[in-house]
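Me: I'd like a close look at one part of this protein, please, with enough of the surroundings to place it. Here is the model.

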Amino acid sequence: MFTVGAGVGGAVLLGAPGSASAAPELWSRPGTVGAPGVAGLHLQFGADASREVVVSWHTTAPVSRPRVLLGSPAGGLGLTVPADTTTYRDARSGTEVRVHHARLGSLRPDTEYVYAAVHDGAPPELGTVRTAPRGRAPFRFTSFGDQGTPTLGKQVNGTWVNDNLGSPAAGDVTAAVEAAAPLFHLVNGDLCYANLATDRVRTWSDWFNNNTRSARYRPWMPAAGNHENELGNGPIGYGAYQTYFSVPDSGADPELRGLWYAFTAGSVRVISLNNDDVAYQDGGNSYVHGYSGGAQRRWLEAELAASRSNPDIDWIVVCMHQVVVSTVDKANGADLGIRENWVPLFDRYGVDLVVCGHEHHYERSHPIRGQQPNDTRTPMPVDTRTDVVDTSRGTVHMVIGGGGTSVPSNHLFFSPARCRVITGVGAPDPNTGKRAPIYVLEDAPWSAVRDPDHSYGFAAFDVDPGKPGGTTSISVTYYAVSDPYGTATPVDHFTLTRPRGAR
Ligand SMILES: [Fe+2]
Ligand SMILES: [Fe+2]
C-alpha cells in the first residue's frame, strides 16, 4: 500500500493509496543487463530547507529513467520524481560523468521522509532526509573542510603518501559527523583534491563513496575551494564540482552556476561563497582571480542586505574556503583579497559566523569588526571573552580545516600568534606557471583559541532560538576525531549569542 507523504511538485503518483493491485514500482526490475549501480547517493537542500531537497547520484554510463521514489516512514514509498541528468567530461581522462538530480519540492517542514534512488536495471539505493523546521526552532548543523579521501596507503616519515592528500582520517570524520546526526553539514571547500590526483574521476567517486553513508541522510552543503579548480573542466575549472552538486539557484550566469548560493534553515541564513574569485593566492590549477567580474560581490551584498532586514532571520552564517584569519606559518596564510572584498560587507550587514578551511587545523577568532588602516587590513577584535560571544558586535571566524588530509597544519602555529597575509602574487613562474604569494607578517590581536594538539575534527552548532524579547544562541563545540568509529572528543566549547529578532 502506498501513502502519499506529501505533495511533490511535478510528481507522478504510482498506484492509488489503498489499492491492493498497485504495482510497487520499487521492485520492478526491467531487464536492462549491465546497468550501472546508483553511486554516490547524496542530498542538498533547496533555498528553503523546510520544503526543498535535491537527491543526487552519478554514473559514467547512460541510464534510463533515473528517478526518486519518495514517501514517509509510516506510509512507504508512493511518489515518483523524475531526475534530470547533467554531465561533464573530465578533460584528463575523457570520461563523461552523468549526475542525476531529482528535485523534491512542496515538502512538509520538520518532517522525516524516506526515499529510494533508482534507474532502470539498478537496485534501488535507500535513504532518509529530514526537512528543516520553519521559523525559530532548535536544530544542529556541523562543519569541516579539507577532507580528501580515505586511504591507508603507507606512511613515510609520519606522512601518508598518495596523490590527492588523502588519509584514513578522511573516513573517520565522516563517521563522526554521521554520529552527531546534524540537520545538515557544511563542507568548507577542498573536498577531495581531485585536481591533484592522477585519476580525478576516481577521486570524486571515492569521496562520494566515503560520504554517502552520511550525505544520503542529511545534506552536505559545500563551498568550492581552490582544489575544486581542475584544469580543463568547465569554463573556469569548476565543471566537476558544478555538475556533482545541485545547490540553490543564485541567478548567476550558467557558467558560474552553483559557485555561490544561500539557503534558510529555521532562523539561520547560510551563505556559501567561492573565494577564488577574490583571493590573491594562486591555489588552483589555473589562476581565476576576478573571474566573476564583481557579480559574486554584488550578489553577496544584496543577499546580506536582504537577510539582515528579514524579520525571520536571526543568524547569518557564511561558509567559504580561504581565510581571513590564520596563525600558522608555512601553510597558506590569510588572504588580503578576502579582507578587501568580503569583510567590509560582513561588517556592514553583521555576519555572525564564518566557517572556513584551507588551513588544515582548528582555530577561531574573537568577534571582529573594522580593520586597522595598514597594509594587511588587520581585523580589529571588539571583545576578548572566549566563552560567550555576542556576535551582534562582531563576526567570529572559525578555521575548521582538519577534515582528513595527509598534510595537517596544527603543528605550525606561530607562538605568540601572528599571521602571514598574502597581499599579492608575483609574475607566473616560467617553469610552473604558478604565481608565488607575496607575504606580509602581522600581529594577531584577533586570535582567540587554537588547537595545536589534534590534526582532525569537526564542529557542531546547536541552535537555540530563545524566547521572544530575549536572546538566541548557538552552542558551538569543536571535536577532535581520532578513530574510524566516529569517537569525538570535545576540544573547544563556546556560545554565540545575539538579540532575537522581532517576531
Ligand atoms: Fe586544503
Ligand atoms: Fe585550500
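At what angle do the axes of helix α1 and helix α2 cross, and within what distance do they come?

Reply: Happy to help. This is a predicted model, in which local features need pLDDT of at least 70 and side-chain atom pairs count only at pLDDT 80 or more, while totals for chains, interfaces and linings use all residues. Residues are numbered from 1 along each chain as its sequence is written, chains are lettered from A and ligands numbered from 1 in the order in which they are written.

Now to your pair. The axes of α1 (residues 169–180) and α2 (residues 200–215) cross at roughly 10° and come within 9 Å. Each axis is a line fitted to C-alpha atoms over the stretch in contact, with angles from 0 to 180 degrees between N-to-C directions. The two helices are therefore roughly parallel to each other; that label covers angles under 35 degrees, with over 145 roughly antiparallel, 65 to 115 roughly perpendicular and the rest oblique.

Which residues meet? From α1 come A170, G171, T174, V177 and E178, and from α2 come N210, N211, R213 and S214. A contact here means C-beta atoms, placed from the backbone, within 7 Å. By class, this contact has 2 nonpolar, 5 polar and 2 charged residues. Nonpolar means Ala, Val, Leu, Ile, Met, Phe, Trp, Tyr, Cys and Pro, charged means Asp, Glu, Lys and Arg, and the others, Gly among them, are polar.

The loop between α1 and β13 (184–187) holds A181, which has a positive phi of about 50° although it is not a glycine. Most residues other than glycine have a negative phi, and most peptide bonds are trans. A cis peptide bond, with omega about 0°, joins S415 and P416; P416 sits in the loop between β24 (396–400) and β25 (418–428).

For the wider setting, the protein has 6 helices and 30 strands, which are DSSP runs numbered from the N terminus (helices H or I, at least four residues; strands E, at least two). The domain assignment gives domain 1 (12–130) and domain 2 (139–499), with bounds from an automatic or database assignment. Their centres, taken over C-alpha atoms, are 30 Å apart, and the contact takes 29 residues from domain 1 and 33 residues from domain 2.

As for confidence, pLDDT (the predictor's confidence in each residue, from 0 to 100) averages 93, and 93% of the residues score at least 70. Over residues 1–24, though, pLDDT stays under 50.

Definitions and conventions: Contact = placed C-beta atoms within 7 Å.
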